[in-house]
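These are my notebook entries from one sitting with a single model. I went through helix packing, then the nonpolar cores, then backbone outliers in loops.

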Amino acid sequence: MKGKKIKVSVIIPIYNVEKYLRECLDSVVNQTLKDIEIICVNDGSTDNSLEILKEYKQKDKRIKLISQKNYGAGVARNTGLNIANGEYLAFIDGDDFYENDFCRQMYDKAVDTNSDVVICQAQNYNIIDDRYYLMPCSLIKEYLPANDVFNYKDMKDYIFNFSQNWNWNKLFKKEFIDSNNITFQNLFRTNDLLFTCKALILANSITTIKNGLINYRTGVSTNSQSTNHLYPYDFYKAFKALRIYLISLNIYEEVKKSYINWCLSGLVYNLDSISNLAIKREVCKYIYNKGLEDLGLISVDYKDIFVQTDYEKFIKQYYKFTNKIFGVERSIYHYFICLFGLQILIKRRNINA
């Protein structure tokens, strides 16, 4: 690597993923783009992950290994950011894996378009049935503007909705990230939401690749989604911080529709994903008493704010959650009234199972 310019820094936070770590590391070291550095941050693993990392470091000089206490993926990613030397930044979790030309395709598209952010589609790899599924939510094509290179002003109503606010299906220009001081929140879960949303808002140029170049593994007991009940307020902290940031930039009203849609969707998804019923009720109560105001969800005319193409999908996806937790009638009106006590302006519509 001496004398060569590092094109991409790949940052990997690692915590107790020994079962899948080799596949992840193999997918990175075998990238067709060779001018990369691989920054592995061992976040206090108690399994055999560190030994595997040391083994790979001995074989590949591009690997940098840092060990720290278990502070969560957000802090681990910031640790990697602090020492990254690449022109561009990529992220991957230790239980996921790239297609072998992820870095090449993403880097070439970034350079060709001089973009601050490149976004690709992702695939879901389900370890239970050993199958791959394209993840349409990773890049919703119908929300994209006509031009290949764009920024938030071209899609104010969809900027937070056209791609999930993950960091790992994206490539970021390092100079852009550094100059805007964009970092990850110190959270165990949802720590990439603020990072990614800041980048989407501040980027002068965003572009996309409509191929599935990264594989997100599901059915894993060690990933962040399987421990939602341990950090049940992290998602709320992330959305609250995003709203405060948008207000500070004086652009909240411009992107309000996108924010509200994303916040409502994330709110109910995260509540639904909390496995402990007592904790779930506690968080719902907190959201009702304080969180709604913090998140800007009071005094909103929801019949105007919903992205129309999402409306039916939103209702059908979440009525089951409300019915299960609160035993209410299956309607969007009762959903909001019973979950949050909101007097909102949506025509009552019953939904069939």
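I began with the pair H7 and H9, which I take to be roughly parallel to each other, because the angle between them falls under the 35 degrees that this label requires. In this predicted model, helix H7 covers residues 234-248 and helix H9 covers residues 277-294, and I noted a packing angle of about 5 degrees with the axes 11 Å apart. I then listed who makes the contact: on the H7 side these are Phe 235, Tyr 236, Lys 240 and Arg 243, while H9 contributes Val 283, Tyr 286, Ile 287, Lys 290, Gly 291, Glu 293 and Asp 294. Sorting the residues of this contact by type, I got five nonpolar, one polar and five charged.

Next I turned to the nonpolar cores. Which residues touch the most other members of the largest core? For this core of 60 residues I wrote down Ile 159, Phe 160, Phe 162, Leu 246 and Tyr 259. H7 supplies the largest share of this core, with eight residues. I followed Leu 246 further and, setting aside its neighbours within four places in sequence, found it in contact with Phe 160, Ile 201, Ile 251, Tyr 252, Val 255 and Tyr 259. Another core, of 38 residues, lies apart from the largest one, and I recorded Ile 36, Tyr 88, Trp 166 and Tyr 216 among its members.

Since Ile 201 had come up as a contact of Leu 246, I looked at H6, where Ile 201 is listed among the buried residues. H6 is mostly covered, with nine of its 10 residues buried. Besides Ile 201, the buried residues of H6 are Leu 193, Leu 194, Phe 195, Thr 196, Cys 197, Lys 198, Ala 199 and Leu 200, and I marked Lys 198 as a charged residue in that buried list.

My last entries concern backbone angles. Asn 181, found in the loop between helix H5 (174-179) and helix H6 (193-202), has a positive phi of about 50 degrees although it is not a glycine. Is Asn 181 buried or exposed? I noted a relative accessibility of 58%, so Asn 181 counts as exposed.

I made a matching entry for Asp 130, a residue other than glycine whose phi is positive, near 55 degrees. Asp 130 sits in the loop between strand S6 (117-126) and strand S7 (131-135), and because its relative accessibility is 52%, I entered Asp 130 as exposed.

How values were computed:
Residues numbered from 1 in each chain as written. Predicted model: local features only at pLDDT ≥ 70, side-chain atom pairs only at ≥ 80, totals over all residues. Heavy atoms only, no water. Helix = DSSP H or I, 4+ residues; strand = E, 2+ residues; numbered from the N terminus. Buried < 20%, exposed > 50% of the residue type's maximum accessible area, 1.4 Å probe, protein only. Axes fitted to C-alpha atoms, helices over the stretch in contact; angles between N-to-C directions. Parallel < 35°, antiparallel > 145°, perpendicular 65-115°, else oblique. Contact = heavy atoms within 4.5 Å. Core = buried A, V, L, I, M, F, W, Y, C linked by side-chain atoms within 4.5 Å.
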